[in-house]
Amino acid sequence: MQELSIQLPKLFDKQKLIKAESKRFNVVCVGRRSGKTVLCEDLLIDTILLGQRVAYFAPTYKMLKEVWKDIKNVLNPLITKVSEQDKSIEFITKGQIDFWSLDSYDSVRGRKYHRALLDEVAFSPYLEEAWSKAIRPTLIDYLGDAYFFSTPKGQNYFKTLFQNERSQAD
């Protein structure tokens, strides 16, 4: 049997700590160049290696293109099907990654996921509505978890989520 070789992302200590201290819903507010995207990719890979379904959300399709390309390149030996139109990738593990834009979040209705990763969400004016009406319900069937990643950007729902998480930790 041919051995598969994939190059997994290397995590910094802070990224490893975020994973180690994770809970069902996680809010990660960090600065630019802190490795949010690398951590997202690592979490995507973890999920599909378990044969599970994961959704990756970015504020716009243009913002998700980098992760889409990275995942296709890194996991190419494991891919069984790619839909460029639907932005969906299936793997030999039976795992699946679906990529979504938060500016058209309603399309996710009716899906089921083990994990949802929401990247750069402070830049989405629709985050609260997208989360409560469309994304969170996709996690019910599997009691899935979610990660909200972003740099801070003014008064918005991401700031509310971050403040709520900090107040629960105190």
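With 0% relative accessibility, cysteine 40 counts as buried. This residue opens a short tour of the cysteines and charged pairs in what is a predicted model. The sulfur of cysteine 40 has its closest cysteine sulfur in cysteine 29, and the 14 Å between them is too far for a bond. A disulfide would call for two cysteine sulfur atoms within 2.5 Å, so the separation of 14 Å rules this pairing out. A search through the whole structure agrees, returning 0 disulfides. Cysteine 29, accordingly, takes part in no disulfide, the nearest cysteine sulfur being that of cysteine 40. In contrast to the buried cysteine 40, cysteine 29 is partly exposed, at 25% relative accessibility.

Attention now turns to the charged side chains. Side chains of opposite charge can pair when their charged atoms come close. The structure holds 9 salt bridges, and several of them are worth a look one by one.

One of these joins the side chains of arginine 53 and aspartate 98, with 3.6 Å from N to O. Arginine 53 belongs to strand S2 (residues 53-58) and aspartate 98 to strand S5 (residues 96-101), so this pair ties together parts of the chain that lie 45 residues apart in sequence. The two partners also fall into separate classes of accessibility: arginine 53 counts as partly exposed at 21%, while aspartate 98 counts as buried at 2%.

A further salt bridge brings together the side chains of lysine 87 and glutamate 84, at 3.9 Å from N to O. Here the lysine is the buried partner, since lysine 87 has a relative accessibility of 17%. Glutamate 84, for its part, is partly exposed, with a relative accessible area of 41%.

What, then, is the distance between the closest N and O atoms of arginine 115 and aspartate 145? In this salt bridge, those atoms are 2.9 Å apart. The pair links distant parts of the chain, with arginine 115 in strand S6 (residues 115-118) and aspartate 145 in strand S7 (residues 145-150), 30 residues apart. Both arginine 115 and aspartate 145 are buried. Salt bridges can also share partners, and in this way Lys19, Asp42 and Asp46 are joined into one network.

Taken together, the model has 0 disulfides and 9 salt bridges. Among the latter are the strand-to-strand pairs of arginine 53 with aspartate 98 and of arginine 115 with aspartate 145.

Key:
Residues numbered from 1 in each chain as written. Predicted model: local features only at pLDDT ≥ 70, side-chain atom pairs only at ≥ 80, totals over all residues. Heavy atoms only, no water. Buried < 20%, exposed > 50% of the residue type's maximum accessible area, 1.4 Å probe, protein only. Salt bridge = Lys/Arg side-chain N within 4 Å of Asp/Glu carboxyl O. Helix = DSSP H or I, 4+ residues; strand = E, 2+ residues; numbered from the N terminus.
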